[in-house]
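Q: Please take a close look at one part of this chain. Start at a single loop residue, then work inward to the sheet and what packs on it.

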Amino acid sequence: MLMKVFPHGIGEGDKPSRYLVRPDYPGRDTAPPQVLRGDPAMTRALIDSIERRWKFTSGVLSWHPDEKISEAQEEEVMDAFERVAFAGLEPDQRNILWVRHTHAGHHELHFLIPRLELSSGKDFNACPPGWHKRPRSPVGTRRNEGQEMV
């Protein structure tokens, strides 16, 4: 498993949330995206409510085409990611959208996180600077070694 945090995060919530769920994107006619957790409309609205420059964090967990990922494994990986990314926060203090993509010939779990701690309205960056520069994330390394994944 490879984790990538995208360098995007400025602008309205429509563009990233629509990309994640739109079925008319090339190649998605036979393998449409599937929302696994979260609500695209709620995530979009939260992003749009932020008045700061940086409004969201987005990224992907991606597997080799030969790896077959079960729904139970997806749940385990999402739970592990959320434990690290949201350490110290209760579920009602954060928001995340998880969407499965398989149209590119391999398994991907995309995430979109408003940069907002919900109870205070303060800025919250689930993937602070440096995450996107690491070749392997703490979540991915633990998961790959535990499951003997590529």
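A: P7 is exposed, because its relative accessible area is 61%. In this predicted model, P7 sits in the loop between β1 and α1 (14-21). Far along the chain, P129 lies 122 residues from P7. In space, the C-alpha atoms of P7 and P129 are separated by 9.9 Å.

Helix α1 holds a second proline, P16. P16 has a relative accessible area of 14%, so P16 counts as buried. Leaving aside residues up to four places away in sequence, P16 touches F56 and L112. P16 and F111 are 95 residues apart in sequence, yet 9.8 Å apart from C-alpha to C-alpha.

Now the strand on the other side of that loop. β1 has two faces: M3 and V5 form the covered one, while L2 and K4 form the uncovered one. β1 pairs with β3 in the antiparallel sense, over 4 bridges. Within this pairing, V5 stands opposite G59 in β3.

Next comes β3 itself. All 7 of the 7 residues of β3 are buried, so the rest of the structure largely encloses this strand. Both of its faces are covered. One side carries F56, S58, V60 and S62, all buried. The other side carries T57, G59 and L61, also buried. F56 is thus in β3 and is also one of the residues touched by P16.

What does β3 (residues 56-62) pair with over 7 bridges? The partner is β5 (residues 108-114), and the sense is again antiparallel. Two positions show the register. T57 has I113 of β5 as its bridge partner. S58 stands opposite L112 in β5. L112 is also touched by P16.

Step back to the whole sheet. Strands of a sheet pair through backbone hydrogen bonds, either parallel or antiparallel. Here the sheet is open, has 5 strands and pairs in the antiparallel sense. The strand order is β1-β3-β5-β4-β2. β1 (2-5) and β2 (34-37) are the edge strands, and each pairs on one side only. From one strand to the next, the twist averages 25°. Helix α2 (residues 40-49) packs on this sheet. It touches β2, β3, β4 (97-101) and β5. The direction of α2 makes about 40° with that of β5.

Strand β5 also takes part in ring contacts. The chain has 5 aromatic pairs. One of them is F81 with F111: their ring centres are 4.6 Å apart and their planes meet at 40°, so the pair is tilted. The two rings come from distant parts of the chain. F81 belongs to helix α3 (residues 71-85), F111 to strand β5, and 30 residues separate them. F81 has 0% relative accessibility, so F81 counts as buried. F111 is at 1%, so F111 counts as buried too. W98 joins them: ring pairs link F81, W98 and F111 into a cluster.

Another ring contact involves a charge. The charged end of R28 sits over the ring of Y19, 4.7 Å from the ring centre.

Finally, the chain as a whole. It has 4 helices and 5 strands. From the N terminus on, these run β-α-β-α-β-α-β-β-α. Of its 150 residues, 46% count as buried. The chain exposes about 8,200 Å², with carbon and sulfur atoms supplying 52% of that area. Among contacts with a separation of 6 or more, 76% join residues 24 or more positions apart. The pair of F81 and F111, 30 residues apart, links distant parts of the chain.

To retrace the path: P7 is exposed in the loop after β1. P16 is buried in helix α1, and P16 touches F56 and L112. F56 lies on one covered face of β3, and β3 pairs with β5. F111 of β5 is in the ring cluster with F81 and W98.

Definitions and conventions: Residues numbered from 1 in each chain as written. Predicted model: local features only at pLDDT ≥ 70, side-chain atom pairs only at ≥ 80, totals over all residues. Heavy atoms only, no water. Buried < 20%, exposed > 50% of the residue type's maximum accessible area, 1.4 Å probe, protein only. Contact = heavy atoms within 4.5 Å. Areas by Shrake-Rupley, 256 points an atom, 1.4 Å probe, with all protein chains shown as cover. Pairing = 2+ DSSP bridges. Axes fitted to C-alpha atoms, helices over the stretch in contact; angles between N-to-C directions. Phe/Tyr/Trp six-rings, centres within 6.5 Å; stacked < 30°, edge-to-face > 60°. Lys NZ or Arg CZ within 6 Å of the ring centre and 35° of its normal.
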